[in-house]
Amino acid sequence: MTPVDPGQPPLPWWKGGVLYQIYPRSFADSNGDGNGDIRGVIEHLDHFSWLGIDGVWLSPVTRSPNADWGYDVTDFCAVQPDFGSMEDVDQLIADAGRRDIRILMDLVPNHTSDQHPWFLESRSSRTSPRRDWYLWADPKDDGSPPNNWVSSFGGPAWTLDESTGQYYMHNHLAEQPDLNWWNDEVREAFDAVLRFWFDRGVAGFRIDVCNAIIKDADLRDNPPATAEDDFEAQMFGQRSVYNANRPEVHDVIRRWRRIADSYDPPRVLIGETPVHLDQLGAYYGNGDELDLAFNFPFIDSPLEAEKMRRIVAETWMRLPEAAWPAWTGSNHDMSRLATRWAKDDPRRARVAVLMLLALRGTPVLYEGDEIGLPNRHVPHEQLRDPLGVRFWPHYEGRDAMRTPMPWRNAPGGGFTDAGVTPWLPLDDPGSCNVEDQRTDPGSMLQLTHDLIHLRRDTDDLQDGAYRPLETDGGLWAWQRGGGHLVAVNLSDDPASLPDVSGRIVIATDRARDGAELAGDLRLAGWEGAVIALGAR
Ligand code: NOJ
């Protein structure tokens, strides 16, 4: 093994480390009301210390009427009472800090709740001082919306406000009016939001729909989708050319970066950037925009060697020199990797997590990834996600990936008290839970733990160059730095890689850990391994 070289300047914590996303309402309920909360996170900080997590991003804990479960904010600087208090947040930051774990918050700058005092004032009259904080426009002559934009949550992106006779724009629900980021006062208001949280010791933000905040100043119609466009554009019948992905968004990100960089240590900006790979690099700017930008083509890809290898190669080819990728396979919108990538097959989930933790870049795990938690079907009458409620049975929404975290095999699953009905149904905690996996050396949790700690202790796995090897079929293999090789077999068929001399440090089949290799590396279907080269 190439140990971490004490002579090298350390990587910034978020480059060398592993991040973890918490969906707070489903993580741990400390007060028995069926909803996860901030004290529940505090009570589980030992889980992160043990696992080796460096930074935790919390989906929004700010005030919200929950039309979109926290992504519709009524106060960007106050805590939603379901989750606890500002004192709880301060304690979380302090207690996590003592364990060297940083807390990141979710910033939702594209829109507010329609109940936010800013919007209530804005919609109160055409001459309201806050009218221009949102995007208002007159109906067309026939009374129809000002242009053809559609919401990514379905239907027109415009809703008529009867009392003032104008439409307001929303890229999501009608309850989530979009802010007007051309307005300087909106920019200043958000500068204060960033500072409010940074001053409290928050280590950074994940920025919601970061690519969409600025819209075309002339509100031009989006062009129609063509047969060459991706699934989403074809589904909406148009390309998001004018209601998202505008070049002026970069001015705003640079402004936020200046604020983040004015802190010591600099705060971290991670963007939700659902864009094609040829656009992703722009969000890093010249090292003056995002620190990390989520890679949606990677999350969206099937777990197939040829596709994954191509996306990773293209990512490296397209990112600017100094940019650092983020690798993630699950989140609260995209489904859990154990189901989407791994099709509920534990062998596949193990290989997927090994891959995530051995690529060059920052891995971001979603709660439950570490135990291979699959999606859980939520019956129609228990759906809470507005998208599931609206589109069922064609689309069941995002509840299946938001169900509570199973901590132990007990009534309430260790998530909430016995006898309490959780806000979303728990899966059978007997089939997959943290406590049982902690004591099982062959478990997914132990594998995740060991891979994270190996990465922590190994320069090559943190910073070593990524160099893919020539492979075919289901095999994907890459060298990390001078001394490590990673090989994953993303197929049912056995695979082998010739001329490997070294030692298996960690394999998904833990019985192989420590095995010496001299010759072919043979992998069974859906098996993966990290190998220290030449270490015989
Ligand atoms: C992306 C968030 O991840 C998602 O949960 C939310 O519904 C939309 N943005 C709107 O804020």
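Visitor: Which residues line the largest cavity, going by the stretch from Met 105 to Val 108?
Guide: This is a predicted model, so keep that in mind as we go. The lining of the largest cavity includes Pro 60, Val 61, Thr 62, Val 73, Phe 76, Val 193, Trp 197 and Phe 205. From the stretch you mention, the lining residues are Met 105, Asp 106, Leu 107 and Val 108.

Visitor: How much space lies in that largest cavity?
Guide: Searching the whole structure turns up three cavities of 30 Å³ or more. For the largest cavity, the space comes to about 90 Å³.

Visitor: Okay, on to the ligand. Which residues are the closest to it?
Guide: The ligand has 13 residues around it. The closest of them are Asp 68, Asp 208, His 332, Asp 333 and Arg 398.

Visitor: What class mix does the shell around the ligand have?
Guide: Nonpolar residues number two in this shell, and polar ones four. The remaining class is charged, with a count of seven.

Visitor: How far from an oxygen atom of the ligand is a polar side-chain atom of Asp 208?
Guide: Let's take a few polar side-chain atoms in turn. For His 111, one sits 3.0 Å from a ligand oxygen, and for His 332 the distance is 2.8 Å. For Asp 208, the distance to a ligand oxygen is 2.7 Å.

Visitor: And how much of the ligand's accessible area does the protein cover?
Guide: On its own, the ligand has 290 Å² of accessible area. The share of that covered by the protein is 97%.

Visitor: How many disulfides does a search of the whole structure find?
Guide: A disulfide needs two cysteine sulfur atoms within 2.5 Å. Cys 77 is in no disulfide, since the nearest cysteine sulfur, on Cys 210, is 19 Å away. Across the whole structure, the number of disulfides found is zero.

Visitor: Is Cys 432 buried or exposed?
Guide: Buried means under 20% relative accessible area. Cys 77, at 27%, counts as partly exposed. Cys 432 has a relative accessible area of 10%, so Cys 432 is buried.

Definitions and conventions: Residues are numbered from 1 along each chain as its sequence is written. This is a predicted model: local features need pLDDT of at least 70, side-chain atom pairs count only at pLDDT 80 or more; totals for chains, interfaces and linings use all residues. Side-chain values use heavy atoms; hydrogens and water are left out. Buried means under 20% relative accessible area, exposed over 50%, partly exposed in between (1.4 Å probe, protein chains only). A residue is near a molecule or strand if one of its heavy atoms lies within 4 Å of it. A polar contact is a pair of N or O atoms within 3.5 Å; within protein, one must be able to donate a hydrogen and the other to accept it, and residues adjacent in sequence count only if both atoms are side-chain atoms. Accessible areas come from the Shrake-Rupley method with a 1.4 Å probe; for residues, only the protein chains shown count as cover. Ala, Val, Leu, Ile, Met, Phe, Trp, Tyr, Cys and Pro count as nonpolar, Asp, Glu, Lys and Arg as charged, and the others, Gly among them, as polar. On a 1 Å grid over the protein atoms alone, a cavity is a set of points where a 1.4 Å probe fits but cannot get out, and a pocket is an open set with protein on both sides within 12 Å along at least five of seven lines; lining residues have an atom within 4 Å of a point. Grid points are joined across faces, edges and corners, and a volume is the space filled by probe spheres set on the points.
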